[in-house]
Amino acid sequence: MIERLQISYLRNLTPINLAPAACNVIIGANGSGKTSLLEGMFLLSRGKSFRHNQPKRYIQHHKDAATVHAKLSDGRTLAIQKQADATTILRLNQTTVYNQSILTEQLPTLLIDPSTMDMLEQGSASRRQLLDWLVFHMKQGFHPQWIAYQRLLKQRNSLLKQRRHLTHVQLAELRAWDKGLASHAALIHHYREAIFEAWQPYFSESIAQLLPAYAEQLSLSYNAGYDTSVALDIQLNERLDQDLQLGYTRIGNHRADIHVHWRSIRPIHKANEHLNSPLAAAADSTFKLPILKEQAANILSRGEKKLLITALRLSQLPLLLNTGNDLEASVNDAKLSATPVVLLDDITAELDDRAIEILLSTLAQLPCQVFMTSLTDSILPLVYEYWEKPQVFHMKQGSILPAQ
């Protein structure tokens, strides 16, 4: 858990020095800096902002860098400094480290905010990252394989962009890269598939709570990004001419996706039946068309999509923390080194009262640290119902002060 949080030169924030509790509520008007505070913690954990990719967009004007520092309850310290030229300095326990994943392991951070509410309609990247966040924290061997795969993929795509025709030497080099990609791809798929299967029952539980009317109709599926029954290098070789024309690699782990499906069954209405008759109606109900299956995003309303995406994210925490369902030890072979931090940005604007109550009651039962923002203090009665000693702060013009 974060015991002390310090943020300097990030957006409109004045220097922040905060001693948070298990549950923290930040209240303030739009533009007061509430989201920037959450952005700082996300930056420390993930090495990037959830609002802009370029550091110069979130570093204060006329400042060279933004810095976030956290002391955890077990005494460990984490720090990140993002400079305007995108140079990054990372420190763990005052020692410089060179891989963001080291800090990510120390501070698992889950974000639920308005910007994620379009995940179903966006490209596959955000949905793939949803699964990979779980796999990263639960499978120790995943990240090295993913890094190696990304390096080879970058080399392959660079060559594809440069050339429409390959020399014998370049072709031999490409074949070697494809062999490596196939090897890493098989392991990455193995890790993803195992965690996806473990995630399914948790997702079903969350859907039963948040969208009970659709509990039997919503389901998850995982697409590996290629035909896993055939080695990836064989498939890459078959598609090489098309990849050369397009200048990039079209199949592989980098094209994996998570889909949410809607399943429905429609009754057949027989023209010769007297539908007003009880017997006819009963007979008619026994005849059904095959299950219709399509993307849930095409069926649900915007409000229902918000609940669905909340269920997707919320269901990850009990799986990560191994609570609720029985989880085989072989599935989760990585032990969390810190309490997960949940960032809830302006949830009262995105979710109805019932959904907020389910969300907060679920989080209160899990060993996680919560930071939530709100325009008003209307959420406080519910917070006090589930947390004994929440910390409440007011935000104004980038400054944060304890509530009176």
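At 16% relative accessibility, Asp-346 counts as buried, where buried means under 20% relative accessible area, exposed means over 50%, and partly exposed covers the range in between (1.4 Å probe, protein chains only). The areas themselves come from the Shrake-Rupley method with a 1.4 Å probe, and for residues only the protein chains shown count as cover. Before we go on, please note that this is a predicted model, in which local features need pLDDT of at least 70 and side-chain atom pairs count only at pLDDT 80 or more, while totals for chains, interfaces and linings use all residues. Residues are numbered from 1 along each chain as its sequence is written, and side-chain values use heavy atoms, with hydrogens and water left out.

Let us stay with Asp-346 for a moment. This residue sits in the loop between strand S12 (341-344) and helix H11; helices (H or I, at least four residues) and strands (E, at least two) are DSSP runs, numbered from the N terminus. Its backbone has a positive phi of about 55°, although Asp-346 is not a glycine. Most residues other than glycine have a negative phi. Tyr-9 is another non-glycine residue with a positive phi, here about 60°. You will find Tyr-9 in the loop between S1 and strand S2 (16-18), and with 34% relative accessibility Tyr-9 counts as partly exposed.

Next, have a look at two helices. Helix H1 covers residues 34-46, and at 1.5 Å a residue its 13 residues should span 18 Å; the end C-alpha atoms are 19 Å apart, which agrees. The expected span is 1.5 Å times one less than the number of residues in the helix. H1 is mostly covered, with eleven of its 13 residues buried. Among them are Leu-37, Leu-38, Met-41 and Phe-42, and also the charged-type residues Lys-34 and Glu-39. Just after H1, Gly-47 takes a positive phi of about 80°.

Helix H9 (residues 302-314) also has 13 residues and an expected span of 18 Å, and its end C-alpha atoms are 18 Å apart, in agreement with that value. Eleven of the 13 residues in H9 are buried, so this helix is mostly covered. The buried residues include Leu-307, Leu-308, Ile-309 and Leu-312, together with Glu-304, Lys-305, Lys-306 and Arg-313.

Charged side chains bring us to the next stop. Side chains of opposite charge can pair when their charged atoms come close. A salt bridge here is a side-chain nitrogen of Lys or Arg within 4 Å of a carboxyl oxygen of Asp or Glu, and the structure holds eleven of these salt bridges. One of them joins Lys-71 and Glu-3, with the closest N and O atoms 3.8 Å apart. This pair links distant parts of the chain, since Lys-71 lies in strand S4 (residues 65-72) and Glu-3 in strand S1 (residues 2-8), 68 residues apart. Lys-71 is partly exposed at a relative accessible area of 36%, and Glu-3 is partly exposed at 36%.

Other salt bridges lie under cover. Arg-127 pairs with Asp-257, the closest N and O atoms being 2.8 Å apart. Here helix H3 (residues 124-138), home of Arg-127, is linked to strand S10 (residues 257-264), home of Asp-257, across 130 residues of chain. Both Arg-127 and Asp-257 are buried. Asp-132 and Arg-192 meet in a salt bridge as well (2.9 Å, N to O). That pair ties H3 to helix H5 (residues 168-210), with the two residues 60 apart along the chain, and both Asp-132 and Arg-192 are buried. Salt bridges that share partners also join Arg-156, Asp-178, Asp-243 and Arg-250 into one network.At the surface, Asp-352, Asp-353, Glu-357 and Glu-385 form a negative patch. Such patches are made of residues with over 30% relative accessible area and no salt bridge, with like charges joined within 9 Å and nonpolar side chains (Val, Leu, Ile, Met, Phe, Trp, Tyr) within 5 Å. Glu-357 belongs to helix H11 (residues 353-364) and is partly exposed at 34%.

Finally, two pairs bring separate stretches of chain into view. Gln-391, in strand S14 (residues 391-396), has its C-alpha atom 5.8 Å from that of Ala-21, 370 residues away along the chain. Tyr-58, in the loop between H1 and S4, is buried at 1% relative accessibility.

Definitions and conventions
Charge placed at Lys NZ, Arg CZ, Asp CG, Glu CD.
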